[in-house]
Amino acid sequence: MAKGRSTSYLAEIAYIPKVAARSWRWAPEMQEAADALDEAGLPNDLAAASALVMERWAGSRDQKLDIGEALARLHAAPDE
């Protein structure tokens, strides 16, 4: 599927709201990956940062957001 794409999902800002609505599924897994990397003495920066970004979208579970709402939630701390 991705092989047939002419652009990256990262270049398609319209895809961001979909990711925001689904990120609740992946945040805990990314944190587990970060912890495992740390325990193995390996850099965990990327996995930890991914978990933090996804945590900012945790309150968006399965919501239909527009791009502005999705980006606004990235600008807010998780406890706001």
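**View 1. Gly59, out in the loop between helix 3 and helix 4.** In this predicted model, Gly59 has 54% relative accessibility, so Gly59 counts as exposed, the cut-off being over 50%. Gly59 is placed in the loop between helix 3 and helix 4. For a long-range partner, try Ser23: Gly59 and Ser23 are 36 residues apart along the chain, yet their C-alpha atoms are separated by 9.5 Å.

**View 2. Asp62 and its positive phi.** Stay with the loop between helix 3 (45-56) and helix 4 (67-75), since Asp62 is found there too. What stands out about the phi of Asp62? Phi of Asp62 is near 55°, a positive value, and the residue isn't a glycine. For background, most residues other than glycine have a negative phi.

**View 3. Helix 2 from end to end, plus the glycine after it.** Helix 2 takes in residues 27-39, 13 residues in total. Does the distance between its ends agree or disagree with the expected span? At 1.5 Å a residue, helix 2 should span 18 Å, and its end C-alpha atoms are indeed 18 Å apart, so the two agree. Just after helix 2 comes Gly41, with a positive phi of about 75°.

**View 4. How helix 2 passes helix 3.** Here the axes of helix 2 and helix 3 come within 8 Å and cross at roughly 160°. That angle is over 145 degrees, so helix 2 runs roughly antiparallel to helix 3. As for handedness, the crossing of helix 2 past helix 3 is left-handed.

**View 5. Who touches whom between helix 2 and helix 3.** On the helix 2 side, the residues in the contact are Ala27, Met30, Gln31, Ala33, Ala34 and Leu37. Facing them from helix 3 are Ala47, Ala48, Ser50, Ala51, Met54 and Glu55. Sort the contact of helix 2 with helix 3 by class and you get nine nonpolar, two polar and one charged residues. A reminder for reading the spacing along either side: an α-helix has 3.6 residues a turn, so residues three or four places apart point the same way.

**View 6. Ala72 in helix 4, with Trp57.** Ala72 lies in helix 4. Is Ala72 buried, partly exposed or exposed? Its relative accessible area is 43%, between the 20% and 50% cut-offs, so Ala72 is partly exposed. Trp57 is 15 residues away from Ala72 along the chain, and the C-alpha atoms of the pair are separated by 9.7 Å.

**View 7. Ala14, ahead of helix 1, with Asp66.** Ala14 is found in the segment before helix 1 (16-22). Its relative accessibility is 65%, so Ala14 counts as exposed. Ala14 and Asp66 sit 52 residues apart along the chain, but their C-alpha atoms are separated by 8.3 Å.

**View 8. Zooming back out.** The protein has four helices and zero strands, so to speak a run of α-α-α-α from the N terminus on. Of its 80 residues, 19% count as buried. How much of the contact list joins residues at least 24 apart? Among contacts between residues at least 6 apart in sequence, 48% do.

Conventions:
Residues are numbered from 1 along each chain as its sequence is written. This is a predicted model: local features need pLDDT of at least 70, side-chain atom pairs count only at pLDDT 80 or more; totals for chains, interfaces and linings use all residues. Side-chain values use heavy atoms; hydrogens and water are left out. Helices (H or I, at least four residues) and strands (E, at least two) are DSSP runs, numbered from the N terminus. The expected span of a helix is 1.5 Å times one less than its number of residues. Axes are lines fitted to C-alpha atoms, for helices over the stretch in contact, and angles run from 0 to 180 degrees between N-to-C directions. Angles under 35 degrees count as roughly parallel, over 145 as roughly antiparallel, 65 to 115 as roughly perpendicular and the rest as oblique. A crossing is left-handed if the near helix is turned anticlockwise from the far one by less than a right angle, and right-handed if clockwise. Contact means heavy atoms within 4.5 Å. Ala, Val, Leu, Ile, Met, Phe, Trp, Tyr, Cys and Pro count as nonpolar, Asp, Glu, Lys and Arg as charged, and the others, Gly among them, as polar. Buried means under 20% relative accessible area, exposed over 50%, partly exposed in between (1.4 Å probe, protein chains only).
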